[in-house]
Amino acid sequence: MGDLANINWSELGFSYMKTDKRYISYWKDGKWDDGQLVEDNKLSISEASTALHYGQECFEGLKAYRTKEGSIQLFRPDENAKRMQKSCKRLLMPEFPVDRFVNACKEVVKANEKYVPPYGTGATLYLRPFLIGVGDTVGVKPAPEYIFCIFCMPVGPYFKGGMAPVNFITTDYDRAAPSGTGKAKVGGNYAGSLLPHAEAVKKGFADCIYLDPRTHSKIEEVGAANFFGITKDNKFITPISDSILPSITKYSLLYVAKEYLGMEAEERDVCIDKLDEFTEAGACGTAAVISPIGGIEHQSKLHIFYSETEVGPVTKKLYDTLMGIQLGDVNPPEGWIVKVK
Ligand SMILES: *Cc1c(COP(=O)(O)O)cnc(C)c1O
């Protein structure tokens, strides 16, 4: 397995840790350079960079997993690469090629192998690719130069004491505009989400639920995760909208529900006034895979799904199956797993 860093894996949270190497590539004069691994974790950029003033920035998040046999693998990194290309298009930034993105992820993981947590600890290696506009441009226009970077850090199990439901509350704020940047993974969507998040936490909730920005009648996102519900007749339902960030975990769960669990699965509107149709609900994303939703408070009424303390059986099965695929314990669909070593 090679040497491991001296870290108490199960005590890790989600906080920055400087690991040994990161990948960096510069775009200048119309093209990306060859890219390289570097030790320095500081970027030196112009004070007039568009990323600093106008949010010309996008990012990704994915994980590397150690299997029972000790090998290391990535989960659908090509999907992150493609999504980042879409984000770049929306912000007029140069796209980083998909194959180079996947190879750079592999390189970063290999160069930081000792930080890939052992199988069975619940901890994983989190990769953060990002792309920023830099250079001397104080005007509102695309930057003359760009930096693409991937760093990584080990992160702990999302649920320390085992999977447990949490409650959410709807917010009157919007995360994204109807035809804005909601479906792009851009930093600009996040600054405005800090206040609604803080207000939800102050009221005792895990995070807020954003409703559709046009009518405020349908569920869009659960904090920075996608929503799904299980209906009484065992269907996997997840909202459809142009301002939702297309979660790779969500699309993977849609597939797992259909092809592994034999359920019907569809994307359609989810009305905040019709939560009764669901027996279970959850939030999904790379960080936790699934956070079971105990209840949702809307207009001062708390709607409970399965239970505020116990995880529903379908949610548990979805979680175990997808987690199993990511960790190499369950046979993956073709192309979902990319071996690092
Ligand atoms: C990244 C992100 C998600 C989750 O996407 P995954 O690909 O599943 O990690 C959901 N919502 C928002 C707003 C996000 O930024």
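How far is an oxygen atom of the ligand from an N or O atom in the side chain of Thr249? The separation is 2.6 Å. The model is predicted. Two sites are covered here: the ligand and its surroundings, then Thr67.

**Ligand: polar contacts**
- In the contact with Thr249, the ligand contributes an oxygen atom and the residue a side-chain N or O atom.
- Ser247 also has a side-chain N or O atom 2.6 Å from an oxygen atom of the ligand.
- For Glu221, the ligand atom is a nitrogen, 2.8 Å from an N or O atom of the side chain.

**Ligand: burial and surroundings**
- The ligand exposes 380 Å² when taken alone, and the protein buries 96% of that area.
- The largest pocket is where the ligand sits.
- Two or more residues of the surrounding shell come from each of β12 (225-231) and α6 (248-259).
- In total, 14 residues surround the ligand.
- The closest of these are Lys185, Tyr190, Ser247, Thr249 and Thr286.

**Thr67: a loop residue**
- Thr67 lies in the loop that runs between β5 (62-66) and β6 (72-75).
- Is Thr67 buried or exposed? Its relative accessibility is 2%, so Thr67 counts as buried; the cut-off for buried is under 20%.
- Setting aside neighbours within four places in sequence, Thr67 is in contact with Gln73, Tyr119, Leu327, Gly328 and Lys339.

Notes. Residues are numbered from 1 along each chain as its sequence is written. This is a predicted model: local features need pLDDT of at least 70, side-chain atom pairs count only at pLDDT 80 or more; totals for chains, interfaces and linings use all residues. Side-chain values use heavy atoms; hydrogens and water are left out. Helices (H or I, at least four residues) and strands (E, at least two) are DSSP runs, numbered from the N terminus. Buried means under 20% relative accessible area, exposed over 50%, partly exposed in between (1.4 Å probe, protein chains only). Contact means heavy atoms within 4.5 Å. A residue is near a molecule or strand if one of its heavy atoms lies within 4 Å of it. A polar contact is a pair of N or O atoms within 3.5 Å; within protein, one must be able to donate a hydrogen and the other to accept it, and residues adjacent in sequence count only if both atoms are side-chain atoms. Accessible areas come from the Shrake-Rupley method with a 1.4 Å probe; for residues, only the protein chains shown count as cover. On a 1 Å grid over the protein atoms alone, a cavity is a set of points where a 1.4 Å probe fits but cannot get out, and a pocket is an open set with protein on both sides within 12 Å along at least five of seven lines; lining residues have an atom within 4 Å of a point. A molecule sits in a cavity or pocket if more than half of its atoms lie within 2 Å of its grid points.
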